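Reader: Please pick a single part of this model, look at it closely, and then set it in the context of the whole chain.

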Amino acid sequence: MTTPIPQPSSWIRRFTPLIPAGTQVLDVACGSGRHMRWLAQQGYQPLGIDRNPDSLQQAAQWGDTVQADLEDGSPWPLPDRQFGGVVVTNYLWRALFPQLFASVQPGGVLLYETFADGNASVGRPSSPEFLLQPGELLQQLAKAGPGWRVIAYEDGFLGDPDRFVQRIAAVREAVSEQPVRYSL
């Protein structure tokens, strides 16, 4: 039985136009495919990865899928692959940051949004293991080295439903003589 697909995140909707048109976009921990559906509707080629085969069965109607447990110590299932965009929402496994950043092609976009410190006061997740610490997304991106431009970053409280989040939209800059204009 299929379950209704929630609406895509407003953060993802807002910054999707930064992703190079028509490119393949990786949706990490895609679940049932809410962002895959959105991306397909916008003309992208979504590739979803998740460990739940039932969720992937539903997500597959919007693009390719890969079943993999990203937390079991297995190698990254998409070695040497790069994408026009990498989307991550409501998921945090710190050991994956290097692979996620490396998966964004030059000129591509990272859109990341997940729960942050303070969320325990309003619900789940509540374990610090699954909550970003203040400024952590910026710190992790800085570890990835030069060549990233942060377009937008937020760290705070959102309502409806109540939650603390951290989110970033960043472009992996392509080597170019001309500055790139990003429309917000």
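Author: Two strands count as paired if DSSP finds at least two bridges between them, and the elements themselves are DSSP runs numbered from the N terminus, helices being H or I of at least four residues and strands E of at least two. This is a predicted model, in which local features need pLDDT of at least 70 and side-chain atom pairs count only at pLDDT 80 or more, whereas totals for chains, interfaces and linings use all residues. Residues are numbered from 1 along each chain as its sequence is written, and side-chain values use heavy atoms, with hydrogens and water left out.

The part chosen here is strand β2, which spans residues 45-50. It belongs to an open sheet of 7 strands with mixed pairing, ordered β3-β2-β1-β4-β5-β7-β6. The edges of that sheet are β3 and β6 (148-158), each of which has a single partner strand, so one side of each is left without a neighbour in the sheet. From one strand to the next the twist averages 15° (axes are lines fitted to C-alpha atoms, for helices over the stretch in contact, and angles run from 0 to 180 degrees between N-to-C directions).

On one side, β2 runs parallel to β1 (residues 24-28), to which 5 bridges join it, and V28 has I49 of β2 as its bridge partner. On the other pairing, β2 runs parallel to β3 (residues 64-67) through 4 bridges; here I49 has V66 as its bridge partner, while D50 stands opposite Q67. I49 is thus a bridge partner of V28 in β1 and of V66 in β3. Of the 6 residues in β2, 5 are buried (under 20% relative accessible area with a 1.4 Å probe and protein chains only; over 50% is exposed, and in between is partly exposed).

The connections on either end of β2 follow a β-α-β plan. β1, helix α2 (residues 34-41) and β2 form a right-handed unit, meaning that, with the strands pointing away from the viewer, the path from the first strand over the helix to the second runs clockwise. From β2 the chain then crosses through helix α3 (residues 53-59) to β3, and this crossover is right-handed too. Helix α2 lies across β1, β2, β3 and β4 (83-89), and its direction makes an angle of about 170° with β2.

The interior around this region can be followed from V28, which, leaving aside neighbours within four places in sequence, is in contact (heavy atoms within 4.5 Å) with I49, L70, V86, V87, V88, Y91 and L100. V28 is also listed with L26, L70, V86, L100, L110 and Y112 as having the most contacts inside the largest nonpolar core, a set of 26 residues (buried Ala, Val, Leu, Ile, Met, Phe, Trp, Tyr and Cys joined through side-chain atoms within 4.5 Å). Elements that each supply at least two residues of this core include β1, β2, β4 and β5. Apart from it lies another core, of 16 residues, among them F15, W38, L39 and V171.

Seen as a whole, the chain comprises 5 helices and 7 strands, which follow one another as α-β-α-β-α-β-β-α-β-α-β-β. Buried residues make up 45% of its 184 residues, and its C-alpha atoms fill a box of roughly 50 × 35 × 35 Å along the principal axes. Of the contacts in the chain with a separation of 6 or more, 57% join residues 24 or more positions apart.
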